Amino acid sequence: MTQPAPQTLSADQVRRRLHGTSLDLNDRDLTEIPPEVLKIKDLESLSLSGNALRSIPPTIGNLRQLKRLYLADNNLQSLPAEIGNLAQLQILHLTGNGLKVLPPEVGTLFSLQTLTLNANKLRALPDEIGMLTNLIGLAVSHNLLEALPPRLANCRSLARLYANNNLISKIPSAFAAMIQNGLNMDLDSNPLQEPLPELFSRGIDAVVDYLRSLDDAEPHYEAKVLLVGEGNVGKSSLVAAIRSEPFVADRVTTHGIEINTLTLRHPSERWSMVIRTWDFGGQEVYRITHQFFFSQRALYLVVWNTREGQEQNEVEGWLRRIRLRVGPDAPTIVVATHADERHPELDYAQLLEAFPGMLRGNLAVDNRTNNRIVELRRAIAAEASRLPQMGQLLSPRWIRVRDHLLALAEDNAYISYTDYTKVCVSNGVQEREIVTLAQLLHDLGHIIHYSDDEGLQDIVVLKPEWLTKAIGFVLEDEQTRGSGGVLDHRRLRDIWTNTDDSFSYPERYYPYFLRLMEKFDVSYRLHDDPTRSLVAQLVPYERPELPWKIGSVPNEGERSLSLVCKLGDAAPGLVSWLTVRHHRSSTGRDWRRGLFLRHPVAAYDSTAAIELAADNVLNLEVRAPSPDLFFHVLRDSIEDLLRSRWPGLSYKLLIPCPTRSPSGHCGASFPLEGMLNFRERGREEFPCLECGNEHDVTQLLTGFPQSNGSLGPELDRVERKLSRIALDVDGIKAAAADSSDLIRRVLRVVSTEVPDCPRLFTMSRRTPPLMERIVSYKDHYRLTLWCEHSDRWHSWQAATYDVDVTKEWAAAIAPYANIVVRALRLLGPVAVAVGGATVSEQTMKDLQPDLELTKTLLASLPAHIPEQRAGDIEAQDPAKLTRAEHEASRALRSKVFELDPTRHFGGLRRAQTASGEFLWICPEHYEDYDPGLPKIPRQTAGRNS
C-alpha cells in the first residue's frame, strides 16, 4: 500500500500560528512535525492533536522550556528517549495513539503533573513512572494493562488514577496509603481478583485494610459449589457420594441449606483445593432466601432425577434462576441421578443453545453404585480451578480466623460479636482489620453479619441454614398464610419451637430473626401495630378495590407519568420485595401481583400503582399535581432491585403513548432510550404510529433525568418554574415536588462520587479570638453538614466545624458548592408547601443568612476558576458530575476528613433508601431507615431464654 505524501507546514505558516510561546497545530493532517517547530527554543505550549503523526523526532528534546505537549489522536507507535529531556513539562497528552510501550526516560519528567495515555495498546507501565513525584493525574484507561507498577505508590502527589477497561487483576499493597489519603481511582471494567470487588463495594476503608494485610499474604485455593434442583432428586446423596461416604437409603429431605467440605486435587498444579458444597433444599418455600446465597464466584450443579424426567425436574427453570441471579456466564454442570435405573432423556443440545456460556458439562451418575462419580469429581475440580477467586491472596491470619469460625460452626449456629472479636485477636488480626474481615467473610458466605445494622451487629451467624430454616417455618405457617400474610408476633413461640433439636431457636433471638426478615425484604412491621408484620409473599392473590386503575383517565388537576418495564424473563419475588421496600408508602392495598402506594408526605398528594400485567411486564403509574418526585423514587427502586437481585436479567423501559380513552392508553409505547436520543437531536414532536397523534417529546420525557450529566440546566429549569408560579398554595405545592426531586437527584449523583462523606453543607461566619484575627490572613467560617433525610433536609449542628477559608480552597470547592447552594435554596417553596411537615418555614428563615453568605462567597471568586491541573484528564461520563464539580466535591471531602479525622460526622450515619441510594442521616431520623430490633410481646418471653 502506497504511503501518503508527508504533510507539513512552511516556516511562514508556523510563524502565523504562533501566539507568544504557544503554538496550536491541531487537526492539520500533519504526518510529521514541521522542522521549524523544533527550533523555537522558548516554546512553552505545543498542540499537535488530531493529526496523522507516525513518530516524534529525537529533536523534540531541544524544546527545553516546553510545559504543555498535546499529541492526542495521532498514529504514534513509540516515543523517543529524548522525551526525557523536557524537564519543564507539566502536561503530556497522548490519548488515542498506538503506543505499546513507554520509554523509561519518562521517569525523568520530574515536573510532570498530568499524563494521559487513554486508548493506546500499553501492556505495562515502566517502573520509572514512580519517579514522577509531582504527578497529580494519570489516565491509562482502555489499554491492555495487566498490572499497575508498585512503584507508582511513590507518586505522593497522585490524586486521580483512571485505569478502567484494562486487564488489571490486582492492586499493589503499596497503594494502601495513597487510597486512604484520598486517591480517586477508577478501575471499572477490570477483572479484579477476589475479594477486591466486594471490598470496593464496602468502601475505601475495607480496601485499605485488605491491602495492608497483604504483607504476609499467601495464595488461597478454595471454591464454592452450589447444588440446586427440585426436592427428592438426590442432591444430599450426591454430596455424600462425592465425599466418598456410604450410601444411605431413604435419606431425610434437606430443609434449608446443608454445607459440607471436601478436598480435590488441582487438575494441573501440585496443590489441593478446598471445595465447600452448599446443598439447597428444593422446596419452593425456601427459594426466596436461598437466592441470597447465590454467588458469581461459584460452580453450580443442577441436579435432576432420571426417573421423573427433564420437565418434571424443572431443569430449564433452575438454569433460568441461576442466570437471573448470577448472570449468563455462571459455570454450571447438569447432573442426572439414578442413572443405573433409567437412561437420562435430556435435550442437552437445546439447553446449550438456550444458555450459551453457562453449561460446562452434562453427566449421568448413580449415587447408590457410585457410577461415574469419579468422573463428576474430576469435572468439579476442573471447573473450580477456573473460578476467579482461585489463588486469591489472603493473610494467613485472616485464613486462621475463618478456619477457627468454621470449626466453631460444627457445634454452634452463632456466636456473639464479642466472641468473634476474641477469635480475631487470638489469631493475630489487628483491631482495625476486624470489621473488614467480618464483612469479607459475610460477602464470601462463611458467616452472616450485618455490621451496619444496630439490631443485627451483635450476633455472628455461623450456619446460614439456621436462619433460612427459621424464615422457612414462617413462610410455611398455615395461620400466617390464612391471615393474608399478617404474622402476629405473639405466635412466634408456636412457629419457632417444636422444631428439629439441631435448630432450636431461643426466644431471645426472635427479634433478631424478625429484623433479618426485614433486611431480606421478606416482611415489615405494620405501622398501626408493630407487634405484627406483613410477610409480603403471602398477601392475597386477589386485587383489592383501588382508587384508580392503571391506564384510566386521571382526575382534573392531576398529571400522570407511566412506565412499562419489559423483562427478559420473570423476576420471582419482584413485587413482594417492592412491597416491603416501600412500606412507608403503603396504603394496605397489596396483592400478589401489585401494590398501591401513597407518598408519605401528604402535601405532595402523590399516589402510585405498580402491577405485573404479565410475568415479564411490570407497569408503573404515578398521579399527582407534580408526579416527578415519586415517579423517580419508584423507577429507581425497580431498577435497583433488577440490577442487584437479578444481574443476569435484561429489561427495557418503555413510555406508554399518553393518548387515552375511557378504556385506557392507545396501546403503543416508545423506548425510553430512543426518546432520549430523539430529544438530543433537537426533535420536538414524536408521532405515535398506533393512534396517529403527535406528542411533545419533552412532555413524554418529563420525570426522567437530563442526559447531559450536568445538574446546572435542571437547576435553571426548576428556578425558572418557581419564578413564574403565583403564590397560591396549589401552585407552590406542585413546584415543591419538583424541588424535592431535584435535591434528591443532586444527592444521588454525588453519592457515586463521594460515597463515604456527607454531601450537603452550609457556611456561616464566626468571630475568632483577637490574636487569631491579627495573625491570620484567612477568613473564618463554620462549616455545618446536613442530614439528608428524604424531604426533611436540615443542618445538623453536631456536625459543625471551624474552618479558615483561603481563596484557593474556596475556588477549589466552588463548582460543587454552587450546585449545593442552589439546590438548598429551593427548599423555601418546599417548606411553604408542606406547612412544616418536612422542612419548616422557620428553619428556612434561620438558614437564609448562611445560604446567602455561601452564595456571596462563591460570587466573590474569579469568574473563571483556574484550570484544574489534571482537569481534562478523562472524558466526561454523562451519569456523573462534570469534571469541575467532581474535583470540587473531592476537595470538600478532603477538608471534612481533615476537620473530622475520626469520621464521626456529629453522629450522621449512612443509610440506604428504598430506591437504592445512600444518604447521611442524623440520629433523630435514622430509625426511619433502621428501626432496630422489634419488641416481642410479653406473652412469648421467658421460655427458652
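**Note on the predicted model**

Ala 223 stands opposite Ile 275, a residue of strand 13. The model is predicted, and the points below take this strand pairing first, then the helices, the aromatic residues and the charged side chains.

1. Strand 11 and its partners. The pairing of strand 11 with strand 13 (residues 272-280) runs in the parallel sense and comprises 6 bridges. Strand 11 also pairs with strand 14 (residues 299-305), again in the parallel sense, over 4 bridges. Here Leu 227 has Leu 301 of strand 14 as its bridge partner.

2. Burial of strand 11. The strand covers residues 222-228, and 7 of its 7 residues are buried. Neither face is left open: on one side Glu 222, Lys 224, Leu 226 and Val 228 are buried, and on the other Ala 223, Val 225 and Leu 227 are buried. The charged residues Glu 222 and Lys 224 are thus listed on the same covered side as Leu 226 and Val 228.

3. The chain as a whole. The chain contains 27 helices and 38 strands. Of its 945 residues, 55% are buried. Among contacts with a separation of 6 or more, 61% are between residues 24 or more positions apart.

4. Asp 205. This residue belongs to helix 4 (residues 204-213). Its relative accessible area is 40%, so Asp 205 is partly exposed, given that the partly exposed class lies between 20% and 50%. Leaving aside residues up to four places away in sequence, Asp 205 touches Thr 436 and Arg 903. With Arg 903 there is a side-chain polar contact of 3.2 Å. A separation of 7.1 Å is found between the C-alpha atoms of Asp 205 and Gln 180, which are 25 residues apart along the chain.

5. Arg 903 and a second charge over a ring. Besides its polar contact with Asp 205, Arg 903 lies over the face of Phe 897, 4.1 Å from the ring centre. Elsewhere, the charged end of Arg 321 sits over the ring of Trp 318, at 4.6 Å from the centre of that ring.

6. Ala 177. Helix 2 (residues 176-180) includes Ala 177. Ala 177 counts as partly exposed because its relative accessibility is 39%. Its C-alpha atom is separated by 8.8 Å from that of Arg 212, with the two positions 35 residues apart along the chain.

7. Tyr 210 and Trp 398. The structure has 21 aromatic pairs. In one of them, the ring centres of Tyr 210 and Trp 398 are 6.2 Å apart and the planes meet at 55 degrees, so this pair is tilted. The two residues come from distant parts of the chain: Tyr 210 is in helix 4 and Trp 398 in helix 10 (residues 396-408), 188 residues apart. Tyr 210 counts as buried because its relative accessibility is 3%, and Trp 398 counts as buried at 2%.

8. Trp 496 and Phe 513. These rings form an edge-to-face pair, with 5.1 Å from centre to centre and 65 degrees between the planes. The partners lie in helix 15 (residues 492-496) for Trp 496 and helix 16 (residues 510-519) for Phe 513, 17 residues apart. Trp 496 has a relative accessible area of 1% and is therefore buried; for Phe 513 the value is 2%, and this residue is buried as well.

9. The aromatic cluster. Trp 496 and Phe 513 belong to one aromatic cluster, whose other members are Tyr 414, Trp 466, Phe 473, Tyr 505, Tyr 509, Tyr 510 and Tyr 512.

10. Helix 13. This helix spans residues 464-476, and its 13 residues should extend over 18 Å at 1.5 Å a residue; the end C-alpha atoms are 18 Å apart, so the two values agree. The helix is mostly covered, with 11 of its 13 residues buried. Among the buried ones are the charged residues Glu 465 and Lys 469, along with Pro 464, Trp 466, Leu 467, Thr 468, Ala 470, Ile 471, Gly 472, Val 474 and Leu 475. Trp 466 is also a member of the aromatic cluster.

Key
Residues are numbered from 1 along each chain as its sequence is written. This is a predicted model: local features need pLDDT of at least 70, side-chain atom pairs count only at pLDDT 80 or more; totals for chains, interfaces and linings use all residues. Side-chain values use heavy atoms; hydrogens and water are left out. Buried means under 20% relative accessible area, exposed over 50%, partly exposed in between (1.4 Å probe, protein chains only). Contact means heavy atoms within 4.5 Å. A polar contact is a pair of N or O atoms within 3.5 Å; within protein, one must be able to donate a hydrogen and the other to accept it, and residues adjacent in sequence count only if both atoms are side-chain atoms. Two strands pair if DSSP finds at least two bridges between them. Rings of Phe, Tyr and Trp (its six-membered ring) pair if their centres lie within 6.5 Å; planes under 30 degrees apart count as stacked, over 60 as edge-to-face and the rest as tilted. A charge sits over a ring if NZ of Lys or CZ of Arg is within 6 Å of the ring centre and within 35 degrees of the ring normal. The expected span of a helix is 1.5 Å times one less than its number of residues.
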